[in-house]
Amino acid sequence: DKVFDELAGRISLLESAIKDPEDDAIGEVRELTEWWEKRRHILELFTYSPDMRAFSVALAETEGSLECGDDKNALSKCQSLLTMAGNIHDMLDFNLQDIV
């Protein structure tokens, strides 16, 4: 839960950075990618999920959009990242619904 709560917060910071021309959105997405890759490797010790790898690809696409100056697409990718993060969290989360 902690990882995915922090992930959502970091994606929100990225979104804010994209909206503010004074912020370094490319630096923000690179920092997020570095943070995520460390967490992904740890999470993959317990379970494998192609969605976690796809999330890394979506981060790279977001960075590519920013490098091309396509802020609208990068903002769209942020929404995709939030949805993907929620889906990955739900898949990895163990709760009573999984037993019943």
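**Entry 1: F55 and its neighbours**

I started at F55, which touches L7, I11, W36, L81, M84, A85 and I88 once residues up to four places away in sequence are left out. I kept in mind that this is a predicted model. Next I looked up how much of F55 is accessible: the relative accessible area is 0%, so F55 is buried.

**Entry 2: the core around it**

Which residues have the most contacts inside the largest nonpolar core? I found L7, W36 and F55 in that role, in a core of 22 residues. I then checked where the core residues come from, and α1 (2-19), α2 (25-43), α3 (50-67) and α4 (71-92) each supply at least two of them. Two of the top three, L7 and W36, had already turned up in my list of F55 contacts.

**Entry 3: the rings**

I went on to the aromatic side chains and noted 2 aromatic pairs in the structure. For F4 and W36, I read 6.4 Å between the ring centres and 65 degrees between the planes; planes over 60 degrees apart count as edge-to-face, so this pair gets that label. F4 sits in helix α1 and W36 in helix α2, so their pair ties together parts that are 32 residues apart in sequence.

My second pair was W36 with F55. Here the centres are 4.8 Å apart and the planes make 55 degrees, so I wrote the pair down as tilted. With W36 in helix α2 and F55 in helix α3, this pair ties together parts that are 19 residues apart in sequence.

I put the two pairs side by side in my notes: ring pairs link F4, W36 and F55 into a cluster.

**Entry 4: is the cluster buried or exposed?**

I looked up the remaining two rings. F4 has 10% relative accessibility, and since buried means under 20%, F4 counts as buried. W36 comes out at 0% relative accessibility, so W36 is buried too. For F55 I already had 0% and the label buried.

**Entry 5: out to the surface**

Last, I turned to the outside. Which residues make a nonpolar surface patch? I42, L45 and F46 do, and the patch covers about 400 Å². I picked L45 for a closer look and found it in the loop between α2 and α3. Its relative accessibility is 68%, and because exposed means over 50%, L45 counts as exposed.

Note on methods. Residues numbered from 1 in each chain as written. Predicted model: local features only at pLDDT ≥ 70, side-chain atom pairs only at ≥ 80, totals over all residues. Heavy atoms only, no water. Core = buried A, V, L, I, M, F, W, Y, C linked by side-chain atoms within 4.5 Å. Buried < 20%, exposed > 50% of the residue type's maximum accessible area, 1.4 Å probe, protein only. Helix = DSSP H or I, 4+ residues; strand = E, 2+ residues; numbered from the N terminus. Contact = heavy atoms within 4.5 Å. Patch = residues over 30% accessible without salt bridge, like charges linked within 9 Å, V, L, I, M, F, W, Y side chains within 5 Å. Areas by Shrake-Rupley, 256 points an atom, 1.4 Å probe, with all protein chains shown as cover. Salt bridge = Lys/Arg side-chain N within 4 Å of Asp/Glu carboxyl O. Phe/Tyr/Trp six-rings, centres within 6.5 Å; stacked < 30°, edge-to-face > 60°.
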